[in-house]
Amino acid sequence: MTTSSSTIESTLIENRVFPPPESLARTARIAGMEAYHALCAEAEKDYEGFWARLAREHLQWTRPFTRTLDATNAPFYQWFADGELNASANCLDKHMGTPTENKTALIFEADDGSVTRVSYKELLARVSQFANALKALGVNKGDRVLIYMPMSIEGVVAMQACARIGATHSVVFGGFSAKAVHERIIDAGAVAVITANYQMRGGKELPLKSIIDEALAMGGCECVRNVLVYQRTATPCAMVAGRDTTFDEALAGQSSVCPPVSVGAEHPLFVLYTSGSTGKPKGVQHSTGGYLLWAKVTMEWTFDIRPEDVFWCTADIGWITGHTYVAYGPLAAGATQIVFEGVPTYPNAARFWQMIERHKCSVFYTAPTAIRSLIKAADTDAAVHPSRFDLSSLRILGSVGEPINPEAWMWYYKNVGGERCPIVDTFWQTETGGHVITPLPGATPLVPGSCTLPLPGIMAAIVDEVGNDIPNGVGGILVIKRPWPSMIRTIWGDPERFKKSYFPEELKGYYLAGDGAVRSADRGYFRITGRIDDVLNVSGHRMGTMEIESALVAKTDLVAEAAVVGRPDDVTGEAICAFVVLKRPLPKGEEAHQIANELRNWVAKEIGPIAKPKDIRFGENLPKTRSGKIMRRLLRSIARGEAITQDTSTLENPAILEQLAQSN
Ligand code: 6R9
């Protein structure tokens, strides 16, 4: 038997344990495992009392709540329901009159490297002025506002301004297509859209406003009365009279004082669309009180955030990570944070390391896919290796979005963290609002590739198909047994789908995360084994296979049938692989290549460039059972280039496997 040295190394690595640095184990918010266990015991003993204590300690209420959890209409749980507060006041106003008011809230670094700083006081003034501009346009409490913005101070201001007047924002990532924006505008019933003329990414000027114009022209968007346009670049864009206003026009003459509107704790702070296992994206609705509570608490527990920290979460505000750990959490915690417009590889793959050095970043939070691509770059070009930069300001590193493989973990730990900084591998989802399973930097001994243990108060467990607990060492379904304050409240406009997706009857009322997981036999540490539904994770972005399939078959002149599966990819984690049956004879060579490109561009237009399949394979048919079901497990094997070892006896057309396997 031969075993390659890399296999030996990775096995050894997975068994390695990294205790927290001594200083953090002494001083962190949760210092040592005893402190962690004490909090878990508190939650265990008096669940509601535990959450009520946190909610009173961490949030400022304009009207105190008297009831903690209301489960009468489960699974539509309500938290702190009779309490009132304002999210923006809890992020900004509460710092006024404290030493934080003159502190830098945002360090914005643009794509071209220019830097703008905004203090908490200035940010409050800007948010208030913007809130007044929204009010002047007739945007009211409860209205939905769609935000389609680049990473910018203005993007954060727009979100906070909505929160200030009780409008519910729905941020759509700037990489989504007009069609995707259109669908979300209609589903949310947005009354206004906030966008920019262009965005700058990697030295390129990319349109945003024209995509909004295209979306609004698709019809059915009568709900949208106004479009607000931030002029990010000097290039003009088309403006529709009576509908479109520039930021400058809208802000002119508006006061920079705007009293925050108190809303009930359950008032929807935002709706964020994410992919599910059926074609249509789900509008995940979050509350104000419970959501903000966890954003603030996890900043302190997971990142041990301190007044002197410079925090940097590299996620875009179009994703949940950019909501909780850019737009809300760091501000609620009074931190200084970096907001970055550009991409990690421009002007070269040292951009992150350069920025950490330049801004003396101390807590850095990014995605495994970024780390893996930077490892690749550093391997081939020593000039972009992190060792060339002074990263001594770092004290805590974080990872989010997908499993981090032990090799990437070790590289991150050694080369970025200088073997000093704990890595918090935070497992969570759009639906969980904030971290749910994660190491604590001053307590948890780290095992590369494991998100370790649930946060206090999060009753995570691994169960079988009927909700029975599974012993450590055996893989199963990840659930959370009790409701928690920052959980999803419903799917916007589709409560039935909410119940079906997250609280299936057979699971005893537990929250179904949609991931598989296993706990280690020795420590009971969780390791996420990947989605158990038809959702792919490409570069940390969730993509529904059905969503991509619907996009492909929507090309009705060309495509008869399509099936999409994932296959492992070294850099992006998973890659999208599409099997397509055309309405014409099987293409070969150059023609196949051309059609594949045409389909990729089509998917980019239907959903967005992030959904483009990496592989497209053509066949005269797809492997199907006699009842006509596509056998995806076989397609998964073909996509991975594996020999088919599964049972194919139920397959109607076995010859197709050979054809598809050779179609690459
Ligand atoms: C925050 C975010 C959620 C899905 C989730 C899981 C995967 C996220 C992870 C992780 C392993 C981690 N995921 N963090 N898998 N380890 N630390 O990413 O939200 O975009 O909704 O994705 O991402 O599969 O179910 P979202």
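Domain bounds in these legends come from an automatic or database domain assignment. The model is predicted: local features need pLDDT of at least 70 and side-chain atom pairs count only at pLDDT 80 or more, while totals for chains, interfaces and linings use all residues. Residues are numbered from 1 along each chain as its sequence is written, and side-chain values use heavy atoms, with hydrogens and water left out.

**View 1. Domain 1 and domain 2.** The assignment gives domain 1 (22-343 + 422-515) and domain 2 (539-661). Their centres, taken over C-alpha atoms, are separated by 34 Å. Domain 1 places 18 residues in the contact and domain 2 places 14 residues; contact means heavy atoms within 4.5 Å.

**View 2. The largest nonpolar core.** A nonpolar core is a set of buried (under 20% relative accessible area, 1.4 Å probe, protein chains only) Ala, Val, Leu, Ile, Met, Phe, Trp, Tyr and Cys residues joined through side-chain atoms within 4.5 Å. The largest has 168 residues, and those with the most contacts inside it are Trp51, Phe130, Ile194, Trp301, Tyr328 and Val580. At least three residues of this core come from each of domain 1 and domain 2.

**View 3. Surroundings of Tyr328.** Leaving aside residues up to four places away in sequence, Tyr328 touches ten residues' worth of neighbours listed here: Ala87, Cys91, Met159, Gln160, Ala163, His169, Leu269, Tyr291, Leu292 and His323.

**View 4. A second core.** Apart from the largest core lies another, of 36 residues, including Phe352, Leu397, Trp409 and Tyr413.

Methods
Buried means under 20% relative accessible area, exposed over 50%, partly exposed in between (1.4 Å probe, protein chains only).
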